[in-house]
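User: Could you take a close look at one part of this model with me? I'd like to see how a helix pair sits in its surroundings.

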Amino acid sequence: PLLPTVKANYKPRGAFTLTEYRLIVRRSRELEGEHYTAWNKGKKIWIKDMYQCMPKQMNWLIRFMVYTFIRPGDLRHLKHKHVEVVRGKFTYLRLTLPEIKRHITPMISLPPAVHLYQKILAENMSMGHGKPDDYVFFPLEQDRKLALGIAGWLFNWILNELELKKGPHGKDRSLYSLRHTAITFRLLYGGKIDLLTLAKNARTSVEMIERFYASTLTAEANISLLHSRRN
């Protein structure tokens with residue numbers, strides 16, 4: 001039978017600009033050790049006391065996501081046994097994560113992720129949580145859905161401090177915006193990277209990158225390519 005054509009209105013998750021990302025990283029450091037006090041009256045406080053104080057690992061988590069392209073959902077499953085430091089011609093992390101959305105291939109990080117991971121591992125080991133089966137982020141939380149909720153709440157704290165929760169088109173931004181930012185940064189600053197390579201490493205498809213990630217890029221963002229001349 002003939003079926004009507006349904007037009008879908010895709011709304012990409014908002015990424016952060018380079019300036020916004022730097023502000024977020026800086027503010028996460030500035031808030032380290034501070035207690036959250038701006039509670040809404042009448043609402044039950046579900047965040048444990050230990051997480052009402054901004055932990056240093058939140059800064060690490062933000063940078064780790066941008067260096068590795070992982071999804072927020074990967075954070076709750078990520079254990080030290082999934083992370084391998086590779087040193088050779090290139091230095092990077094190889095992340096062999098559990099299957100997600102039928103993607104099983106390892107992910108390759110950017111070089112800064114190596115030093116960052118070593119700091120995270122050293123901190124976790126100092127607390128007795130650096131074993132292969134221990135979680136990389138919020139290792140004390142065995143309820144991993146709760147761990148992800150805590151990470152999202154802490155990130156919203158930072159965004160609200162900077163008034164960056166809403167994107168330029170009014171769409172809310174969240175932890176997932178860091179993955180969007182990671183992919184967008186590679187499209188902007190990753191040299192002549194092809195979409196297939198980027199899609200495979202980010203465990204997504206070229207179609208998804210074109211629809212949800214590259215769709216937010218503007219001609220002005222690639223002005224150097226537009227103004228370049230053939231030799």
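How are H1 and H2 oriented to each other: roughly parallel or roughly antiparallel?

Analyst: Happy to! Please keep in mind that this is a predicted model. Helix H1 covers residues 18-30 and helix H2 residues 57-68; their axes lie 8 Å apart and form an angle of about 155°. Angles over 145 degrees count as roughly antiparallel, and H1 and H2 are therefore roughly antiparallel to each other. On the H1 side, the contact is made by Tyr-21, Ile-24, Val-25, Ser-28 and Arg-29, while H2 brings in Asn-59, Ile-62, Arg-63 and Val-66. Sorted by class, that contact has 5 nonpolar, 2 polar and 2 charged residues.

Now for the surroundings. The largest nonpolar core has 51 residues, and Ile-62 is among those that touch the most other members, along with Met-58, Leu-61, Phe-64, Phe-137, Phe-138 and Phe-155. H1 and H2 each supply at least two residues of this core, as do strand S2 (92-95) and helices H4 (112-126), H5 (144-162) and H6 (176-189). H5 gives the largest share, 9 residues.

Phe-155 is a nice residue to click on here. Leaving out residues up to four places away in sequence, Phe-155 touches Ile-24, Met-58 and Ile-62, and also Phe-16, Ser-174, Leu-175 and Leu-178.

As for S2, this strand sits in an open, antiparallel sheet of 3 strands, ordered S1-S2-S3. S1 (83-86) and S3 (107-108) are the edge strands. Between S1 and S2 there are 4 bridges, and Val-83 has Leu-95 in S2 as its bridge partner. H4 lies across S1 and S2, at about 75° to S2.

Methods:
Residues numbered from 1 in each chain as written. Predicted model: local features only at pLDDT ≥ 70, side-chain atom pairs only at ≥ 80, totals over all residues. Heavy atoms only, no water. Axes fitted to C-alpha atoms, helices over the stretch in contact; angles between N-to-C directions. Parallel < 35°, antiparallel > 145°, perpendicular 65-115°, else oblique. Contact = heavy atoms within 4.5 Å. Nonpolar A, V, L, I, M, F, W, Y, C, P; charged D, E, K, R; others polar. Core = buried A, V, L, I, M, F, W, Y, C linked by side-chain atoms within 4.5 Å. Buried < 20%, exposed > 50% of the residue type's maximum accessible area, 1.4 Å probe, protein only. Pairing = 2+ DSSP bridges.
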